[in-house]
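Colleague: Hey, I'm new to this one. Can you bring it up and walk me through it?

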Amino acid sequence: MHDSKIRSRLKAQLTKFSSEFCEGLTKPLAGFVAQMLFGIQSSQDVKLSNIARSLQEEISLIRTEKRLSRNLKNTELEKELTPQLVRMGSPRVQPNTVLALDLSDIRKEYAQKMEHLATVRDGSTGELHLGYWLCDVTGAEVNSSEIVPLYQKLFSVEAKDFTSENAEILEAVDLIRAQTQGRGIWAIDRGGDRKRLLEPLLDRGERFVIRSTGKRTVIDRRKLQGSVAEVAGRCRLSHQARIIKIQDGQEKAYDLRYGAEPIRLPGRAEQLWLVVIDGFGEVPLMLLTDLPVTAKDSQSLWWVVQIYLTRWKIEETFRFIKQSYNLE
């Protein structure tokens, strides 16, 4: 009886969500999406066999699987649902909402016949495996635990229509900025400071906080060219803070020192800032931002640090999804 009530409540909630989510789809496809959402939540799995089993249809399991598989091939699903998810989430994106853009890997090391399998690098171990890349954008507020899923797309470098990793990222940026009218601040991990991403973000007038690898050439306050790492080495870390991070159920304290240096990119006129934070590891954290900050204002600098650290809770969320739904 208890399980029956849970199933009924779950179906009611998902029916309400899917009726809006599936706007624009045909009735059969909308019904299919609703079944998939229920099946994934009910089975806590993304394998069709387990999803089909959880639907408890009065037909053979193989027939249910074949029907689900046939519907999954419909190209209208991605065409309609991807922008619809952004439209649904955009009202919850405020001017200073953090838009965490992340490239993650989905390992499929035991797969043999999945289409367009490519070599991906495991973000945790650095090992190479077969799988796919996932471009993910999730919104979150600095001082809130609530998150807003906005965009997720699997892609493979082996697919015929693949152009480049940069093109995949900018496709996500343009879709979201079209719906949010420029609201939000992009937070991107290492690699986001590459020229073919950094300059398009500046051209679009987007606000961002991007972790640098330290290799990018910049111009410092004395109009001298050097790497980000070299400028960071000369930065005065005159501010202090302590934060507590919960990792694997354990609290860990970090005593931080931080500061900032004004910089520009060669050939660009925009004023940028390099915010340097020491205390997370052997190498200081180096953040590039076009947000208006002042080197002597600890509050404005700490806000930039908090924007980047907001990525942590989103990364934990994705790790939970990977494990809970057996994505790999």
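Modeller: Sure, let's start with helix H6, residues 165-180: at 1.5 Å a residue its 16 residues should span 22 Å, and the end C-alpha atoms are 23 Å apart, which agrees. The expected span is 1.5 Å times one less than the number of residues. Helices (H or I, at least four residues) and strands (E, at least two) are DSSP runs, numbered from the N terminus.

Colleague: What sort of model is this, and how are residues numbered?

Modeller: It's a predicted model, where local features need pLDDT of at least 70 and side-chain atom pairs count only at pLDDT 80 or more, while totals for chains, interfaces and linings use all residues. Residues are numbered from 1 along each chain as its sequence is written, and side-chain values use heavy atoms, with hydrogens and water left out.

Colleague: Back to H6, then. Which residues in it are buried?

Modeller: Asn-166, Glu-168, Ile-169, Leu-170, Ala-172, Val-173, Ile-176 and Thr-180. Buried means under 20% relative accessible area, exposed over 50%, and partly exposed in between, using a 1.4 Å probe and protein chains only.

Colleague: And what do the buried residues of H6 pack against?

Modeller: Helices H5 (76-89) and H7 (195-203), plus strands E1 (98-107), E3 (128-140), E4 (147-155) and E5 (185-188). Just after H6, Gln-181 takes a positive phi of about 50°.

Colleague: How many residues does the largest nonpolar core have?

Modeller: It has 38, and those with the most contacts inside it are Val-137, Ile-176, Trp-186, Phe-208 and Leu-274. H6 gives the most to this core, with 5 residues. A nonpolar core here is a set of buried Ala, Val, Leu, Ile, Met, Phe, Trp, Tyr and Cys residues joined through side-chain atoms within 4.5 Å.

Colleague: What does Val-137 touch?

Modeller: Leaving out residues up to four places away in sequence, its contacts (heavy atoms within 4.5 Å) include Leu-99, Tyr-151, Ala-172, Ile-176 and Trp-186. There's also a second, separate core of 24 residues, which includes Val-209, Tyr-258, Val-293 and Leu-301.

Colleague: Switching topic: how many salt bridges does a search of the whole structure find?

Modeller: 21, counting a side-chain nitrogen of Lys or Arg within 4 Å of a carboxyl oxygen of Asp or Glu. One of them joins Glu-57 and Arg-67, with the closest N and O atoms 2.5 Å apart. Glu-57 sits in the loop between helix H3 (48-55) and helix H4 (61-72) and Arg-67 is in H4, so the pair ties together parts 10 residues apart in sequence.

Colleague: What about Asp-203, which residue does it form a salt bridge with?

Modeller: Arg-268, the closest N and O atoms being 2.9 Å apart. That pair links distant parts of the chain, 65 residues apart: Asp-203 is in helix H7, and Arg-268 is in the loop between strands E10 (250-263) and E11 (272-278). Asp-203 counts as exposed at 56% relative accessibility, whereas Arg-268 counts as buried at 18%. Glu-270 also forms a salt bridge with Arg-268, at 2.7 Å between the closest N and O atoms.

Colleague: Last one: Thr-310, is that buried or exposed?

Modeller: Buried, at 4% relative accessibility. Thr-310 lies in helix H9, residues 298-324, and touches Val-98, Ala-140, Glu-141 and Val-142, not counting residues up to four places away in sequence.
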